[in-house]
Amino acid sequence: MTTPFTNAIYSILTYGLARHTGIYTRPPLPPAVSIELSTCCNLSCPECVTGSDTLTREKEYMDPVLAARLASEISGNALSAWLYWQGEPMLHPQFFEIVRLFRGMNPVISTNGHFLHSANCHNLATSGLKRIIISYDGVTPETYSIYRRGGDHAEVKQGIVRLAETFKKYTSPPVVELQFLLGSHNEHEVAGAARFARSVNARFSVKSMQVLNPERAERWMPVRSSRARYEVQADRVTGCRAPERGCLRMWTTAVVTVDGDVVPCCFDKNATHVMGNVKKQTFSEIWHGDRYMAFRKQVLLRRSSIDICRDCPQGTRLRFRS
């Protein structure tokens, strides 16, 4: 009997077979699926396609009926369901209803932390979520607001404290992780943010910032260049170079947009490489379809021929502990 764990192993084996022998077989359903609940957000972060209003897709919420179909199709195969992508998932009017659909699939959300009022904290504790990632990019309002434009630092901090206090009342609440998006504007506050995370019994991670246009990267790059995903060469800023061929994610993960399009990677923010739509086909038909197989072969042969792969930092360390 196939379990999510054996399914993940089979996925990795089919990738290794294709990469090292050139033998292509249709992989099992992916062990991880990212499901976009919202393309709307309450913030205006300048290097985010949603916050900067450069997202070319409609701003909307996923239909709960569509989410239920997806949950049914990936159940038994998915080790993890990531219930977020370009927008703020907790804005969804049926957020908790959808989260409950993915119980048992180790669901994860990433939130900007502006919706952690009392009722939501209690609902999060019993939601079935495995992990909650909360953006916390500064210990002072002045630093925080440089990137999290339109955000309220005090509200986020109070919400995190409230969440920690609420979770103490439950035996198996989700793991809380504070994520610090690192740039030149806030690297001096990493240690303070880490201390705050410890004070609320949360994990803490530092993530290297991505920019929409590498020409602007130098403005945001931290002084400690080893923690940047960009590098300066001959007075020119470029992204850290990715491997020329191959990508395990094409065999192990997929992204489903808010309107049901299946795209191969989180770097395809505007869904330019649509493999199919789950409103018209089953997820399995799309994942095993000829279009997806052809895309995987192209990635294995020459990644640089694909636009979304050229600036992908695969192989580059992007997350750090304080």
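This passage describes the overall form of a predicted protein model and then turns to one of its residues, serine 110.

In the predicted model, the protein chain is built with 12 helices and 12 strands. Its C-alpha trace extends over about 55 × 50 × 35 Å along the principal axes. A compact globule of 322 residues would be expected to have a radius of gyration near 20 Å, and because the protein chain has a value of 20 Å, the two agree.

Of the 322 residues of the protein chain, 53% are counted as buried. When contacts with a separation of 6 or more are considered, 69% of them are accounted for by residues that lie 24 or more positions apart in the protein chain. The accessible surface of the protein chain amounts to about 14,800 Å², and carbon and sulfur atoms contribute 50% of this area. With regard to charge, the protein chain carries 40 positive and 29 negative charges, and the mean positions of these two groups are 7 Å apart.

At the level of a single residue, serine 110 lies in strand S3, which comprises residues 108-111. The relative accessibility of serine 110 is 16%, and since a residue counts as buried when this value is under 20%, serine 110 is therefore assigned to the buried class. When the neighbours within four places in sequence are left aside, serine 110 is found to be in contact with Tyr84, Glu88, Pro89 and Ile133.

Note on methods:
Residues numbered from 1 in each chain as written. Predicted model: local features only at pLDDT ≥ 70, side-chain atom pairs only at ≥ 80, totals over all residues. Heavy atoms only, no water. Helix = DSSP H or I, 4+ residues; strand = E, 2+ residues; numbered from the N terminus. Rg over C-alpha atoms; globule rule 2.2 N^0.38 Å. Buried < 20%, exposed > 50% of the residue type's maximum accessible area, 1.4 Å probe, protein only. Contact = heavy atoms within 4.5 Å. Areas by Shrake-Rupley, 256 points an atom, 1.4 Å probe, with all protein chains shown as cover. Lys, Arg positive; Asp, Glu negative; His and termini not counted. Charge placed at Lys NZ, Arg CZ, Asp CG, Glu CD.
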